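Subject: Structure handover

Hi,

Here is the structure I promised to pass on to you. Please open it alongside this email, and my notes follow below.

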Number of protein chains: 2
Amino acid sequence: MGELEGWMYQRLVDDSPEATVVADAEGVIQYWNASAETLFGHSAAEAVGKTLDLIIPEPQRQRHWAGYREVMRSGQTRYGRDLLAVPALHKDGARLSIEFHVVLLRDATGRITAIAALIRDVTARWERDRALQHRLRALEADLATSGATREEGAP
Amino acid sequence: MGELEGWMYQRLVDDSPEATVVADAEGVIQYWNASAETLFGHSAAEAVGKTLDLIIPEPQRQRHWAGYREVMRSGQTRYGRDLLAVPALHKDGARLSIEFHVVLLRDATGRITAIAALIRDVTARWERDRALQHRLRALEADLATSGATREEGAP
């Protein structure tokens with residue numbers, strides 16, 4: 001990997017532009033970097049000690065915790081490589097579209113002591129994609145209508 | 001921010017699914033995590049000690065180094081918040097589309113000793129977007145033709 005001094009690792013996480021949230025085995029938030037403050041609106045002081053329900057919309061909670069317990073039980077997750085795309089909640093109630101990877105933090109015995117999520121806000125990209133898809137469908141509909149007009153509309 | 005143990009910061013960077021590359025003030029690679037190995041094809045042993053030209057296509061090099069020197073001189077970068085999208089090179093010669101943020105690593109005196117890049121491979125997404133844009137333009141052209149046919153083609 002090459003060598004970095006210890007402070008550099010901490011700086012890379014504290015100052016990461018990716019919102020970084022670490023929660024313990026029970027899903028209680030232990031760490032919340034500056035980008036997480038910006039993304040979700042809660043300060044670190046407000047977030048640390050709360051459960052992840054702080055940012056999970058109510059309809060997604062049951063599924064989230066089933067997945068979380070399963071990762072803790074099995075020691076496996078596919079979201080180390082694959083991005084998990086989910087809705088999330090800003091402090092002001094706004095709904096966000098986020099994507100995240102997880103990193104499992106294991107102690108020297110191999111036991112998972114915490115799960116970190118590296119989170120990106122993709123709300124803007126999703127809205128652009130939706131607008132593009134909408135335009136595509138509108139054009140396809142126009143074209144179908146136009147074709148129909150040509151076929152049926154000859155005087 | 002809450003508290004993490006020192007080993008957790010290192011684990012978060014070493015095991016990050018984002019390719020993480022740290023280069024010193026002269027642009028010599030100091031650190032290259034496992035995801036950087038996967039993304040670019042070079043092992044850490046191959047990359048550390050080389051300059052960033054390792055992954056920069058020739059036509060982009062001059063612009064890259066002008067920007068790099070300017071960041072070192074000014075101590076400022078807008079790519080801490082904004083994503084910089086650029087082409088990059090895989091070891092096998094394939095062209096990648098990457099997006100990255102940078103984190104400036106300053107020592108206790110405030111001097112920038114290194115620059116870290118947190119890099120995502122967006123090749124697949126760019127190809128999807130290009131395909132979608134292509135389909136959109138094709139539909140717009142079809143619709144224009146179809147409209148023209150209707151207007152001009154009445155018997």
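What follows is a short tour of the interface, the two sheets and the salt bridges.

Before anything else, please keep in mind that this is a predicted model.

**The interface**

Let me start with how chain A and chain B meet. In chain A, 52 residues are in contact with 52 residues of chain B. Between them the two chains bury about 4500 Å², and 71% of that area is on carbon and sulfur atoms.

There is polar detail at the interface as well. The rule finds four salt bridges across the interface of chain A and chain B. One of them joins the side chains of B:Arg120 and A:Glu18, at 3.6 Å from N to O. Four residue pairs in polar contact are also found across this interface, with both residues at pLDDT 80 or more.

Which elements of chain A supply at least two residues each to the side that touches chain B? They are helix H1 (6-14), strand S1 (19-24), strand S2 (29-32), helix H2 (34-40), strand S4 (95-106), strand S5 (112-121) and helix H5 (123-152). H5(A) gives the largest share of that side, with 13 residues. By residue class, the side of chain A that touches chain B divides into 24 nonpolar, 13 polar and 15 charged residues.

**The sheet in chain A**

Chain A has an open sheet of five strands, ordered S2-S1-S5-S4-S3 and paired antiparallel. S2 and strand S3 (84-89) of chain A each have a single partner strand, so one side of each is left without a neighbour in the sheet. From one strand to the next, the twist averages 35°.

Within this sheet, S1(A) and S5(A) run antiparallel and are joined by six bridges. If you want a place to zoom in, A:Ala23 has A:Ile115 as its bridge partner in S5(A). Helix H4 (residues 58-74) of chain A packs on the sheet, where it touches S1, S3, S4 and S5 of chain A. The direction of this helix makes about 135° with that of S5(A).

**The sheet in chain B**

Chain B also holds an open sheet of five strands, in the order S2-S1-S5-S4-S3 with antiparallel pairing. Its edge strands are strand S2 (29-32) and strand S3 (84-89) of chain B, each of which pairs on one side only. Neighbouring strands of the sheet are turned by 35° against each other on average, direction ignored.

Here I looked at the pairing of strand S1 (residues 19-24) of chain B with S2(B): the two run antiparallel and three bridges join them. B:Ala23 has B:Ile29 as its bridge partner in S2(B). Helix H4 (residues 58-74) of chain B lies across S1, S3, strand S4 (95-106) and strand S5 (112-121) of chain B, and runs at about 135° to S5(B).

**Salt bridges**

Over all chains, the structure holds 18 salt bridges. A:Glu18, which meets B:Arg120 across the interface, also forms a salt bridge with A:Arg120, at 3.0 Å from N to O. That pair links distant parts of the chain: A:Arg120 is in strand S5 of chain A and A:Glu18 is in the loop between H1 and S1 of chain A, 102 residues apart.

Happy to talk any of this through with you.

Best wishes

Terms used: Residues are numbered from 1 along each chain as its sequence is written. Chains are lettered from A and ligands numbered from 1 in the order in which they are written. This is a predicted model: local features need pLDDT of at least 70, side-chain atom pairs count only at pLDDT 80 or more; totals for chains, interfaces and linings use all residues. Side-chain values use heavy atoms; hydrogens and water are left out. Contact means heavy atoms within 4.5 Å. Buried area is the accessible area (1.4 Å probe) that two parts lose on being put together, summed over both. A polar contact is a pair of N or O atoms within 3.5 Å; within protein, one must be able to donate a hydrogen and the other to accept it, and residues adjacent in sequence count only if both atoms are side-chain atoms. Helices (H or I, at least four residues) and strands (E, at least two) are DSSP runs, numbered from the N terminus. Ala, Val, Leu, Ile, Met, Phe, Trp, Tyr, Cys and Pro count as nonpolar, Asp, Glu, Lys and Arg as charged, and the others, Gly among them, as polar. Two strands pair if DSSP finds at least two bridges between them. Axes are lines fitted to C-alpha atoms, for helices over the stretch in contact, and angles run from 0 to 180 degrees between N-to-C directions.
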